[in-house]
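User: Could you take me through this model, starting at the ligand and ending with the backbone?

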Amino acid sequence: MQALMMNSQLMISSILKHAERNFATREIVSVTADNPLHRYTYKDFAKRSRQLANVLKELGAEFGDRIGTLAWNDYRHLELYYAVSGSGMVCHTINPKLFPEQVAYIIKHAQDKFLFVDVLVMPLVEALKDHLTEVKGIIVLTDAAHMPASSLDNVMCYETLLAAQHDQFEWPSFDENTASGMCYTSGTTGNPKGVVYSHRSTLLHALAGSLPDVTAASVMETCLPVVPMFHVNAWGIPYACIMVGSKLVMPGPKMADGATLQALMENEKVTYSSGVPTIWLALLDYLDKSNKKIDSLKRVTVGGAACPRSIIERFWTYGTEVKQGWGMTETSPLGTVFSLKAGMEDLQGDALVDVQCKQGRGVFGIEIRIVDENNQELPWDGVAFGALKVKGPWVASGYFGLSQVPGSEGCPVDELGWFDTGDVATISPDGYMQITDRTKDVIKSGGEWVSSIEIENAAVSHPLIMEAAAIGCYHPKWTERPLLVAVLTPDATLSSQEVIEFLRPNLHKWSLPDDVVFVQELPHTATGKLNKLALRQSFADYQFPA
Ligand code: AMP
């Protein structure tokens, strides 16, 4: 028997329509290259998004066209999110911090028809001039007064184009499985691969993401997304927060600046924020040095890389709860998020931090499992670890332009329909997942797996160690043994033996690194993660002391 419910399509434009109707006076505050503090309302935002949809039409962009963005977190980028997808085009966010040749590859591979570019990113685009032959126009995200000189053809000014358009636009309705957005993975091997989101996956992700045990997004909250809008749609915040009517505060190009983040948080009374661990170190260091506060900030989501225990503990001293989350570009990114379960209300101190250090529980909509080498499911006992696999309506089933034949590069799912995340994890009986490694980063010593993340987390809890990476290096007896590569705080000195003694009580004997090497800095990917591949390459000839 068929149900008798309306078959309304899940459309991104429905978020905008709902928000304008219900939260017209809610504010969106942005830092941009041309304005240190821009402020407008949801009503202005909806009006300008319709004008932008008319601009796209006038430019000749058509249904299904890819529209590239190279931009920071601000209101103009938000307008692009809604106007591009709302018109049936694909909002393709590109990371301006990638190597220029990767940016060129991605623009070409995605066949971007137009590029919307932050004024600060124009030098990169100028440098790519010879690679942009297929791009029909470049629109600089600024006003006429701040337009840079350019040697490129067909460069236009965003505000001038917008001003020439009226604000009437009927958002079309179409199949909810139509592509709405695109983001290339920041993989450290091979070419980046394009993940394609749909209206349906984005809407379901926004709904699940706002649940009380996930982000608890609400009209009563003020959210500052520090995670960039070019990286997995800023973890869905631009959709979830607008859907529920949160005030949005966008740091623009000042994302890594502790002073700007603190000022925005205090002045705009930010209650919730999100970002990768390195960003929080910048904020926490600034708070410690300046004696300033972040009193309104109730909670932060930390993800993208394992959250060191010290970040959780330091945030507690400012009264802020850390909710660790795990996800990937291919999972939109929401996979698991930390929250307590009934019966755990009294947890405090170290016992509470112990659970916060895990990557959280599966969010409704995402199924998780761990498997052994034969793809056999492993128990949720907190001990067995294996390849982490996930399934759900906002998980990628393929990559743009790549063959989806099972077993090929473009097919990330196994024969049972599970996506292989490339992460290794344990799951406790009550469902808390803990990442122990990336499959490629696992250190295999004498046949035993050693978790590099466990070593790194223990190392950065030393007050003089700023950052640390553990890699496997050749060992004549054990094939591989862990080597710790550490960056010390300015002017600090430590010996390898002192670090090993510090780690001894916290690590299994087998996991203790055989040696510690100190470096000035560690290599990072464009999204701020440790680049273990580059590190392994630079230590390829390393030999442990006899
Ligand atoms: P990306 O697609 O660039 O967002 O990278 C996704 C990868 O980041 C995951 O497969 C994990 O290896 C890693 N990752 C994300 N969140 C966490 C976390 N909370 N703890 C440990 N690793 C994480």
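Here is a short run of questions and answers on the ligand, the domains and a few residues.

Analyst: Quick note before we start: this is a predicted model, so local features need pLDDT of at least 70, side-chain atom pairs count only at pLDDT 80 or more, and totals for chains, interfaces and linings use all residues. Residues are numbered from 1 along each chain as its sequence is written, and side-chain values use heavy atoms, with hydrogens and water left out.

User: Which strand gives the most residues to the shell around the ligand?
Analyst: The ligand has 15 residues around it, where near means a heavy atom within 4 Å. By class, the shell splits into four nonpolar, eight polar (Gly counts here) and three charged residues. Strands here are DSSP runs of E with at least two residues, and helices are H or I runs of at least four, numbered from the N terminus. With four residues, the top contributor is strand 14 (residues 321–327).

User: How much of the ligand's accessible area does the protein cover?
Analyst: Start with the polar contacts, meaning N or O pairs within 3.5 Å. A ligand oxygen sits 2.7 Å from a polar side-chain atom of threonine 329, and an oxygen of the ligand is also 2.7 Å from a side-chain N or O of arginine 438. On its own the ligand has 490 Å² of accessible area (Shrake-Rupley, 1.4 Å probe), and the share covered by the protein is 92%.

User: How much area do domain 1 and domain 2 bury between them?
Analyst: An automatic or database assignment sets the bounds, with domain 1 at 12–24 + 38–198 and domain 2 at 361–438. Their C-alpha centres lie 32 Å apart, and the contact (heavy atoms within 4.5 Å) takes 11 residues from domain 1 and six residues from domain 2. Buried area is the accessible area lost on putting two parts together, summed over both. Carbon and sulfur atoms carry 68% of it, and the total is about 630 Å².

User: Which residues does lysine 43 touch, leaving out those up to four places away in sequence?
Analyst: Lysine 43 belongs to helix 2 (residues 42–59). Asparagine 506 is 54 Å from lysine 43, C-alpha to C-alpha. The residues that lysine 43 does touch are Glu20 and Ala24.

User: What is the phi of valine 232, and where is there a cis peptide bond?
Analyst: Most residues other than glycine have a negative phi, and most peptide bonds are trans. The bond from serine 332 to proline 333 is cis, with omega near 10 degrees. Valine 232 lies in the loop between strand 10 (222–225) and helix 8 (237–244), and its phi is positive, near 45 degrees.

Definitions and conventions. Polar contact = N/O pair within 3.5 Å; in protein donor to acceptor, adjacent residues only side chain to side chain. Buried area = accessible area lost by both parts, 1.4 Å probe.
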